[in-house]
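Here are a few short exercises to work through with the model open beside you. Try each task before reading its solution.

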Amino acid sequence: MLQALNLSMNKSTTNLSRVELRDSDKGEILESFILNSDGTPYDLSGKSLVFNENKDGDKFVSDPNVTIVDARIGHITYQLHDQVHSAPGTAWFDIIQDGAKIDSTTDFYIEVRDGLKCTAYNTTYISDLEKLKRQMEALIQQADGELKAELQRAEQQLNQELQNFRNQYNSLSNDFQNQFKSAQNARQADYNKQKDAINADWFNTKNNINKNAQDTINAIKSNAKQVLDKDQADWNAKQNQWDSTFSAIVKEWQVKTNSLNSTVQDLTTKFGNIINELTDLMNNKLPDMNAKTDAVNKKIDQLKASLSDVDWTEYAHRSDNSGGVNLLANTENFSGFVSYKVTDGANNGFTFDKKEKYSNDENYSMIRTKVAHVYGSNMKNVPLNFGQNVTLPAGTYTLSFLARHNGKRDRVRNLDLYSDWTDDHGGQSHGESDDIHGIWEKHHITFTTSQNYTYSSLRLQCFTDDEIPGGSLYFANLKLEAGTIATDWCQSYLDFDRLSGGIASLDSPEFNNINNTGIYLITNPQKGNNYPGNGNWGILKVSNAHGDRIEQEYYEDVANGSIYHRQAVSGTWRAWQKLANIDDLSKVKIKLQSLDQNGDTFTNTQTANKQSDGSYVINTYDNDWTANKVSWLLKNTNSYVIGRNTNLNDIKAPGLYHCSGASNIANVPAGEDSWFSMVVNGESRHGSQTFYATNSNQLYVRTWNNAGFTEWRRLVNDGDYSSLQNLINSQKLKVVRSYDIEKDQAGSPTTEAIGDQSVVDQSALATFADAYRDVRNHTDFRYPTDQAWNTAINLNSDPYLDTGIYRIGNCAIINGPWSDVDTRRWLFLQVAKYGDNSIYQTINYGNGELYSRCVSKTTNSYPGWAQFATMERVAQNVSSVSGNLQAFITDQVKVNKRVDYDSPTGTITNDTVNFNNYRETGILKVVNCLIQNGPYKSDYRHTVFLKITNLDSQTQYQTVYEGDNLYGRKLYNGSGQWHKYTNTPI
C-alpha cells in the first residue's frame, strides 16, 4: 500500500501531495482521507467517488471503482488502474451524490518512475468503455471457439481411428506373449518356491533356536550381575555422600566457631581502646566543654574540606570488576529520575519497571537495572531527566546506556544529551547518540567540558516532532564515566559503602541484580524475585570476583534460621542450595527400585532414622526381596546332567540339559549318539525340545502336546543348501540364441549350464514370426500389403476394401477424391476394415493432402471423400473472419459514441464550454464546467449531457439533459433560442 494522503476540499492550496510509483508495478492501493476545508473529516455517507487523472501526453483516466472504508471520517482506498502507472499526471477525486457531481478534492501529483523496460502502454482509460471491449472480445472468442471445435472434432475422429487400429494390433501381440510367459513363469515359480521354502526353513529355525538359547542365558546372567552391581554402587555412593556431608558440617562449624571467637576478642580489645582514648580526651586533652565542641566542629570542617578536595573522576580509570566509576547515582532503580507530561493533550508519561517484565525481549540478558519506560506522542515530549546535579571538572566523559523503541526493528531514532548549560548556551547538545533501533542495544554519547561546572537538568531528549516508533522508549544501565570508553554498568560510589554494611536496606529486591561485593540487610524478600527459602528477612553477603564468578550467601533472620548459598557463573545464576546441619539428616530419604516377595518391582522409599547411639540408619532389608530373587535365579540357571537310562520324553521341565556319552538314552534323533545338549521350554501340557548333536553338528527340534511328542525334524544347514545348489548347477540346457524371421529359420542351438535363460519352443517362434510379418505389412508403410503400378485401379473394389497399406504408383484412380480419372497419381491408401459394413479408407497424397471416407459393402454405400483442412487454409479463414470482425467493431464504436450516453463522443471536465461550438452529431459529457450560450442566465458550474443532431451545414438541433430538467433549441447559422420542456408528472 502507498503512503496515505490527506486530501482537502480547499482547492486554493498550492502545496500538492505527491504519490510515487514505478511503471512496472501493478495493483497498488492508494489510501486517502477526505477533509473539509477547515481540516475536519468529510462525511461520505450516501456518496460515491470517481478517480480522475490528466496524464502527460494528453491522456486521462476516469475510474469509479473507489472503495469507501469508513464514510464518517472520509476514509477511502483506490486500487490504481494499470494506466495510472504508464505516465505521470495530476489527479483528484470527484464526489458523486444521486448521480451528480457535488464536489471534488484538491489535486495531487502522481510521479511515475522507470521500472523494467517492458512497461504499461500509455493510453486513456475510462471504466465504461470496458463494456464494449468485453462485448467485442466475447464475439471474437465465440468465432474462435467454433473454429477450434471443428478442428478438434476432426482431430478426435482421426485419433480414434488410429487408436482402434493400435488396440487391435496390441491385442494380438499381447495374447501371444501372455500365453508364452504364463508357461515359462509357472515352471520358474515352482522351482523358486521349492528353493525358497528350503532356505527359509533352514535359516529361520537355525537363527531362532540359536538366538533364543543364547539370549536366555545372557539375559539371566546379565540381569543378576546388574542388580548386584547397582545395589553395591548405590550403597557406596550414599555412604560416601553421608561421610562427606558430616565432614563438611563439622569443618564449617569449626571455622565459624573460631571466626566468632576471634571477632569477639577483637571487638573487646577495640572497645577497651576506644574507652581509654575517650577518657583521656575528656579529662586531659580538652579542658572544658566549649573547647571540646570547638574541636569536634573543627574536625568536621576539616573532613568536609578533605572530601571536597577529592577528584572522584580519578577512580574512573581504575581497573575493577565493572570498569570506570559511575558518576550517576541511583541508576539501578532510577530513584529521582523523571520525565514530564506536556499540556498539549498528548498522552505522555513514564514508569520504572522491573527488568523481568521484559524477559521475552531480544538481548534481555544485557539488562542489569530497572527499565525506565517513557511514552508520548512525539520525540520532544519524552525526555529522561536524571534528577540530580553532577559536578564535572574539565575533561572528556562518556554516557552509556541500553535503549530500544517499541516500533519495527529497522526504524531509527537518535537522542541528544542536554543540561542547564546547553539551555543557557544556544541549545546545542553535549552530543548525539548512535542509531537506536527496535531491539536492546548499547549506545553512548562522548562529550568534552572546558571548565569545572555543576550540571543540573541533565537529560536525554530529541527536540523534534518525529513520532516515537510504537509510542515508547526504554532505557537501562545508565552510566556516566570519565574517558572515551563505555565500560560495563556498575553502581556509583554515591549509592552505598560496599564493605561496611552501612548501606540502606534493600526492600523486595531482585536477587539476581545484587552483584556488588558487600553486606546487605534484606526486607520483604518474598515480594521480590529469586529469593531463597520461604522469603524470610535476613542478611545477604555478596562476593564478586571480576563479574565472572559471584557468590551469594543468605542468613535467615529467624530462630533456627537456615543458611543458603548460590553462585553465578558467566552471568547465569545457579539454584539456591540450603546448607545442611546435623538435624537435617532426619529428613534424608532414599528412593530405590526394589522387588517384592512376588518378584514385582515397586518404588521403595525409606527415611533415615536416628538410633540410640546417635547414628542414622536407612532400612531396606525388611521389604526388599531383590537379593532373594537373584539367589534363586543363580541356582536355577545351571545346566542339568542327563544320566544313563533316561527317556527324553520324560524331560519337560524348562531349562538347559546336557548328556556326555551316557548309555541307554531313549528317543534321541535317529542316527545320533548320546553326546548332545538340549534346551527345553514349556510345561506339562505342551512345549518344545531343541537337540544339539555334538559330534554330527546337526540341530533337531520337536514339540509335545496332550497327544504326545512329534517326530524329530532336522533343520537344513549350509551344507545341505550347497549340495542342492551344486546339483542344480550341474544340469545342462540347449539354447537357441537367434531366429531369422524372413527365412522363418532358427539359429544353431548351444549347450549351456542352467542359469537365467528363458526357454522358448521353436514352433512358437515360427508362429510369432508369421504374426509379426502380417502385422508389419498392415501397419508399416515400408512394407505395404500390396502395390499397383502403371495401371488403373477402382477404390470401390477389392483388394482396396481389405485392411492394409497399398502403395499406388503412376495409376489412374477410379472412385477417388478427384473428378479427373485419367490423371495418373502417386499415393498411399490405408484401409481399416471392421467388417463389411464399416470400412475406413484414407489417402495420403502430394504435399500433405489427406482424404478420408467410410464405405459399406453390406449396404453398397460408397460416399464422397472428405478432405482434411491444412493449417494454411485455417489461417486464411481466421484472417478473413478477423477482418470482417474488426470492421464491425469500428462501425459499432462510431454508432455507440453517437447514441450511448455511457460512451459519449467527448468529455470535458472543470473547464469553460461554449455550446455554439458543438454542431457535429454526437453526445458531449460536460462535468463541473462553466457553460456559455447555454440555457442558463447565470454563470454557475454544471454537469450535463449535450446531444447534437446535425441536419446540414446551417441547421442543428441541441438537447441538454440535466437531472430531471430538459432543454432544447434549434441552432441556425450558429444561434438559436433555448426552451425548457415541462417536467410536470402525468
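This is a predicted model, so please keep that in mind as you go.

**Exercise 1. Find which residues touch the most other members of the largest nonpolar core, and which strands supply it.**

Step 1. Start with the core itself, which has 32 residues. Phe386, Phe401, Leu460, Phe475 and Leu480 are the ones that touch the most other members.

Step 2. Next, look at the strands. At least two residues of this core come from each of β13 (371-375), β15 (390-392), β16 (395-405), β19 (441-449) and β22 (472-482).

Step 3. Strand β22 gives the largest share, five residues.

Step 4. Another core lies apart from this one; it has 25 residues, including Leu5, Ile76, Leu80 and Phe93.

Step 5. For background, nonpolar side chains tend to be buried together in soluble globular proteins.

**Exercise 2. List what Phe401 is in contact with, leaving aside neighbours within four places in sequence.**

Step 1. Pick out the partners already met above: Leu460 and Phe475 are both among the contacts of Phe401.

Step 2. Add the others: Ser433, Ile436, Glu441, Lys442, His443, Ile445, Ala476, Asn477 and Leu478.

**Exercise 3. Work out the strand order of the open four-stranded sheet, and its edges.**

Step 1. The order reads β1-β3-β7-β6, and the pairing is mixed.

Step 2. Strands β1 (5-8) and β6 (66-70) are the edges, as each pairs on one side only.

Step 3. On average, neighbouring strands of this sheet are turned by 35° against each other, direction ignored.

Step 4. Now zoom in on one pair: β3 (residues 29-35) and β7 (residues 75-79) run antiparallel and share five bridges. Within β7, Tyr78 is the bridge partner of Leu30.

**Exercise 4. Decide whether Ser104 is buried or exposed, and find its contacts.**

Step 1. Locate Ser104 in strand β9 (residues 100-104).

Step 2. Its relative accessibility is 5%, and buried means under 20%, so Ser104 counts as buried.

Step 3. Beyond neighbours within four places in sequence, Ser104 contacts Met9, Lys11, Trp92, Phe93, Asp94 and Ile95.

**Exercise 5. How many disulfides does the structure hold, and are Cys490 and Cys659 buried or exposed?**

Step 1. Recall that a disulfide is a covalent bond between the sulfur atoms of two cysteines.

Step 2. The structure holds zero disulfides.

Step 3. Cys490 has a relative accessible area of 4%, so this cysteine is buried. Cys659 is buried too, because its relative accessible area is 3%.

Definitions and conventions. Residues numbered from 1 in each chain as written. Predicted model: local features only at pLDDT ≥ 70, side-chain atom pairs only at ≥ 80, totals over all residues. Heavy atoms only, no water. Buried < 20%, exposed > 50% of the residue type's maximum accessible area, 1.4 Å probe, protein only. Contact = heavy atoms within 4.5 Å. Pairing = 2+ DSSP bridges. Axes fitted to C-alpha atoms, helices over the stretch in contact; angles between N-to-C directions. Core = buried A, V, L, I, M, F, W, Y, C linked by side-chain atoms within 4.5 Å. Disulfide = S-S within 2.5 Å.
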